[in-house]
Amino acid sequence: MVPVTPQTLISDIRRLIETSRSQLAGAVNSALTQLYWHIGQRIHSEVLQGERAEYGEQVVATLAQQLEADYGRGFSSKNLRHMLRFAESFPSLEIVSALSRQLAWSHFLEIIYLKDPLKRDFYVHMCGQERWSVRTLRERMGSMLFERTALSRKPDGLLAGELATLREQGELSPALVLKDPYILDFLGLHDRYLEKDLEDAILRELELFLLELGAGFTFVARQKRIQIDNDDFYIDLLFYNRRLKRLVAIDLKLGDFKAADKGQMELYLRWLAKYEQEPDEAPPLGIILCSGKKQEQIELLELSQTGIHVAEYLTVLPPKKVLQQKLHEAIARSRQRLDNRGETA
C-alpha cells in the first residue's frame, strides 16, 4: 500500500470539498429556481388570470410588502414580477425542473423578457448545451446570435422541430451553428486589405474567431494543400466541428460571392469526403465568407442542398438598429421564399 503523504491527503480533501460545494450550489440553485416558478405560477393562476392589470399590480404590491417583511428583499415587487413572467414564459414545470439543473436564476432573468417563444427556446437550450455563463449569454444575445443563425431563416414549424431535437437529444444541426453575417470586428481591419491580410488577422485572433464560429470548432489547417490531376489547390482554412462530426472548409473572399465560387468549394468538399472523412463522420461542410453577396444567385444555385453556406463577414460592426433591420429583412425574405417553395411543391 502506497503511504498517503500530507500533500496528497490535502489535495484529495480539497477535491472532495470543492465537489461537494459545487453539488450543493447546484441543488440550491435548482430548488430556488423551482420555488420562484411555483410562486409565479400561483400568482398567475389564482390571482391575476382574467383580472384587471391595475388589480394585479395592487395584489403583487401587497404580497411583496408582506413577504419582504418576513423573508427580505428577494421578494420585492420587482422580483415577484420576474417570477410571474418566468411562469408565463415557461408554463411547464417539467421543463423548468430539467432546465434548473443547468441554468441559474440569473440566466432565466436574461431570457424571460424575450417576446418570441422560439427565440427564448433557442437561447435557453443553447445556454444549457454549451454551458454559457450569464456574461456569455448576454454577449450572444447582444450580438443577435439567434437572428444570425441559419435556423432563424426557417419557417416556424421547422425551427421548432430542430429546437425540439436539441432539447430532447442534445444534437446540434448545421442550421444551429452556421451564421450570416459573421461579425469579425475584433480583427482590426479597416478600409483596404488583401485576402492574405484577412487570413493573417484570423489566425492572429484565432481564439476570438473560434468563439464567433460557435460551438465545437477546432482549428485543423491553414492553406490546406490538395492535389488533383497534378494540380495544386489550397483551402484557406480548415476546421473540424466535434458536435457536428464534420470537417468544415472556409474560403475567404474579399468581394461579392460569384457563381464560380460554388464549383471551387464543391471540389474541395468532394476531395475532403474522399480522402479525409472518417467512417463515423458526416460529409464535410463549406463556408464561403465574402464581404457581400447577391441573394438571387445563391437561391438559384440552391447551395443549401450542397452543404455549402454563403455568409457575409463584417469587419466593422454597424449600429445595432441597422444590423437588426438588415437581419429581420433577411429572415423575412428567406421564410417567404421557403413558404412559396412549399406552396408550389
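A salt bridge here is a side-chain nitrogen of Lys or Arg within 4 Å of a carboxyl oxygen of Asp or Glu. By that rule, the side chains of Lys119 and Glu147 form one, at 2.7 Å from N to O. The pair ties together distant parts of the chain: Lys119 belongs to helix α6 and Glu147 to helix α8, residues 145-148, with the two positions 28 residues apart in sequence.

Before going on, a word on confidence. What you have on screen is a predicted model. The protein averages a pLDDT of 87, and 91% of the residues score at least 70. Confidence is lowest in helix α1, residues 6-48, where the mean is 76. Strand β3, residues 231-241, has the highest, at 96. Where pLDDT is low, the predicted coordinates should not be read in detail.

Back to α6. Does its length fit a helix of 14 residues, and what should residues 117-130 span? At 1.5 Å a residue they should span 20 Å, and the end C-alpha atoms are 20 Å apart, so the two agree. At the N-terminal end, Asp116 acts as the cap, with a side-chain oxygen 2.9 Å from the backbone nitrogen of Leu118. After the helix comes Arg131, whose phi is positive, near 55°.

Is α6 mostly covered or mostly open? Mostly covered: 10 of its 14 residues are buried. Lys119 is among them, as are Arg120 and His125. Its partner Glu147 is buried as well, because its relative accessibility is 5% and the cut-off is under 20%.

Glu147 also leads to the next residue, Leu327, which touches Glu147. Leu327 sits in helix α15, residues 320-344, and is buried, with a relative accessible area of 1%. Setting aside residues up to four places away in sequence, its other contacts are Met144, Arg148, Arg153, Asp180 and Pro181. Leu327 and Met144 are 183 residues apart along the chain, yet their C-alpha atoms are separated by 8.9 Å.

Now the other salt bridges. How many does the structure hold? There are 17. One of them joins Arg225 and Asp232, at 3.3 Å from N to O. Both ends are partly exposed, Arg225 at 45% relative accessibility and Asp232 at 37%. Another joins Lys253 and Asp251, at 3.4 Å. Here Lys253 is buried at 16%, and Asp251 is buried at 3%. Elsewhere, salt bridges with shared partners connect Lys196, Glu199, Asp200 and Arg222 in one network.

Conventions. Residues are numbered from 1 along each chain as its sequence is written. This is a predicted model: local features need pLDDT of at least 70, side-chain atom pairs count only at pLDDT 80 or more; totals for chains, interfaces and linings use all residues. Side-chain values use heavy atoms; hydrogens and water are left out. Helices (H or I, at least four residues) and strands (E, at least two) are DSSP runs, numbered from the N terminus. The expected span of a helix is 1.5 Å times one less than its number of residues. Buried means under 20% relative accessible area, exposed over 50%, partly exposed in between (1.4 Å probe, protein chains only). A polar contact is a pair of N or O atoms within 3.5 Å; within protein, one must be able to donate a hydrogen and the other to accept it, and residues adjacent in sequence count only if both atoms are side-chain atoms. Contact means heavy atoms within 4.5 Å. pLDDT is the predictor's confidence in each residue, from 0 to 100.
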